[in-house]
Amino acid sequence: MRRPVLTPQQEDRAIALLGLLGGLVLIAFRVYEEPATVPRWAVLAPLLVTAALEPFRRRRPVLTVTVGGLAFAVSVFYGALLATTIMYTDLLYAAVIYGSRRMSRVLHLSGGVSVLVLSTLTLVYTDAPKAIAVMVVTALIFLGPVWTGDVVRKHRQEAENERLRAEQTALLSEMDRREAVGAERARMARELHDVVANHLSAIAIHATGAQSLARRQRRPEDDPLVAALAVIRENSVQGLAEMRRMIGLLRDSGGGAVDESYTAPDLAAVDSLLAKAGAAGQDVGLAFELTERGERGELPAPVGLAAYRIVQESLTNALKHAGPGTVRLLLEFGADELRIAVDSPYRGGEDRRLPGARAGLVGMAERAGLLGGSFEAGPGGGLWSVRAVLPRALVTEKGEGRA
């Protein structure tokens, strides 16, 4: 169980209260020097003064030390009370801790002078043993708290300096990390622009040129060659737009402008995906079929994007690896989750037209995992099956869902 933490003001009040109660107990049992010529109640006045000064020990160190010193001097002549002496030493300690450096030097000097004067007077009017005893006691009262406070203050200052140095080091490390991340993002943006984007631009340009040539040859629009060229050009232009958007995001380091005209794709574009895949799959005997169940409704943007990319990658893999037949896509919209199922004719081994690195499968699994969903894919029953389950509501860090 955690102990309650007192504020500095509450600590000072607690010290004053405990000192006052302790002094009253000592007075009740007469545990103090009681001069015969002084009334018994006179010893109470210095105790009350020092206790009243304790709540101001942090805010007014000069006042508390000055008035406390006078009260301590009175207590020496009217009856040396231990509680008054202890609270006065606490005022000296607090003055060094919370006061200025000049205050510390003044207290060192005044304490040393007090010890020297009192021990010398004792030696002159009495004997050496008593002078030594007075020197030890006065050193403990006037110099002990001052030395202790000075040591504690130095350690606190060193700890604060180390904390500031650690914060500066952490800040520099964070700046270096951000600079390294920015440099890497800029390098990736350059590579994407100089290599991938240029290749996509070349494909789009050549596809446009081939379409113009086909029109000059007066080929009909339903000609498989013309349809294939249209699909190539449309996909390359769309890929180029998404690539430029990605390059802009990579180059943006937090203060740059990002093209807001770009809208992330979602399942609203699934019909377009199927049309493109159907046009591209004609030459290999592939047909595509879509089935939807449930109310589509509105999906959060990350969920819609992840679902679109999973469907897109699944259809692309079918075009690359599937045998002749029908690719069936099922979108099942439940109340809490979206289920995606893609079944395509499977031919493995050397019969596959294009080799795969399985990077697409890894990417689909990562997209589903980041949203708290699940993903699995593999052959079975002569089909290659893809199954993905995505939550319809995103989960925040606190575990609360949001649409």
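Which side chain does Glu 162 meet in a salt bridge? The partner is Arg 165, at 2.7 Å from N to O; a salt bridge here is a side-chain nitrogen of Lys or Arg within 4 Å of a carboxyl oxygen of Asp or Glu.

The structure is a predicted model, in which local features need pLDDT of at least 70 and side-chain atom pairs count only at pLDDT 80 or more, while totals for chains, interfaces and linings use all residues. Residues are numbered from 1 along each chain as its sequence is written, and side-chain values use heavy atoms, with hydrogens and water left out.

**Salt bridges**

Side chains of opposite charge can pair when their charged atoms come close. The structure holds 16 salt bridges, and three of them are listed here.

| Salt bridge | Closest N to O distance |
|---|---|
| Arg 57 and Glu 54 | 3.5 Å |
| Arg 163 and Glu 160 | 2.4 Å |
| Glu 162 and Arg 165 | 2.7 Å |

Glu 162 and Arg 165 both belong to helix 6, three residues apart, which is about one turn of the helix. Helices (H or I, at least four residues) are DSSP runs numbered from the N terminus. Glu 162 has a relative accessible area of 47% and is partly exposed; Arg 165, at 44%, is also partly exposed. In these terms, buried means under 20% relative accessible area, exposed means over 50%, and partly exposed lies in between, with a 1.4 Å probe and protein chains only.

Beyond helix 6, salt bridges that share partners join Glu 11, Asp 12, Glu 54, Arg 57, Arg 58 and Asp 90 into one network. Within this network, Arg 57 and Glu 54 form a salt bridge, and both residues are buried.

Arg 163 and Glu 160 are likewise placed in helix 6, where a spacing of three residues separates them by about one helical turn. Arg 163 is partly exposed at 37% relative accessibility, and Glu 160 is partly exposed at 32%.

**Aromatic pairs**

A pair of aromatic rings is described by the distance of the centres and the angle of the planes. Rings of Phe, Tyr and Trp (its six-membered ring) pair if their centres lie within 6.5 Å; planes under 30 degrees apart count as stacked, over 60 as edge-to-face and the rest as tilted. By this rule there are four aromatic pairs. In one of them, the ring centres of Phe 72 and Tyr 88 are 5.0 Å apart and the planes stand at 10°, so the pair is stacked. Phe 72 is in helix 3 (residues 61-78) and Tyr 88 in helix 4 (residues 82-98), so this pair ties together parts that are 16 residues apart in sequence. Both rings belong to buried residues: Phe 72 has a relative accessible area of 9%, and Tyr 88 has one of 7%.

Phe 72 also pairs with Phe 142, in an edge-to-face arrangement with 5.9 Å from centre to centre and 85° between the planes. Since Phe 142 lies in helix 6 (residues 128-216) and Phe 72 in helix 3, the pair ties together parts that are 70 residues apart in sequence. Phe 142 is buried, with a relative accessible area of 14%. Phe 72, Tyr 88 and Phe 142 thus form one aromatic cluster.

**Other residues of helix 6**

Thr 138 is located in helix 6 and is buried at 7% relative accessibility. The Thr 138 side chain reaches the backbone oxygen of Val 134 at 2.6 Å. Apart from residues up to four places away in sequence, Thr 138 touches Val 115, Leu 118 and Leu 143, where contact means heavy atoms within 4.5 Å.

Arg 153 is another residue of helix 6. With neighbours within four places in sequence set aside, Arg 153 is in contact with Val 96, Ile 97, Gly 99, Ser 100 and Arg 101. The C-alpha atoms of Arg 153 and Val 96 are separated by 7.6 Å, although the two residues are 57 residues apart along the chain.

**A nonpolar surface patch**

Leu 109, Val 113, Val 117, Leu 121, Val 124 and Tyr 125 form a nonpolar patch on the surface, with about 640 Å² of accessible area together. Patches are made of residues with over 30% relative accessible area and no salt bridge, like charges being joined within 9 Å and nonpolar side chains (Val, Leu, Ile, Met, Phe, Trp, Tyr) within 5 Å. Accessible areas come from the Shrake-Rupley method with a 1.4 Å probe. Leu 121 of this patch lies in helix 5 (residues 101-125) and is partly exposed at 44% relative accessibility.

Terms used. Helices (H or I, at least four residues) and strands (E, at least two) are DSSP runs, numbered from the N terminus. A polar contact is a pair of N or O atoms within 3.5 Å; within protein, one must be able to donate a hydrogen and the other to accept it, and residues adjacent in sequence count only if both atoms are side-chain atoms.
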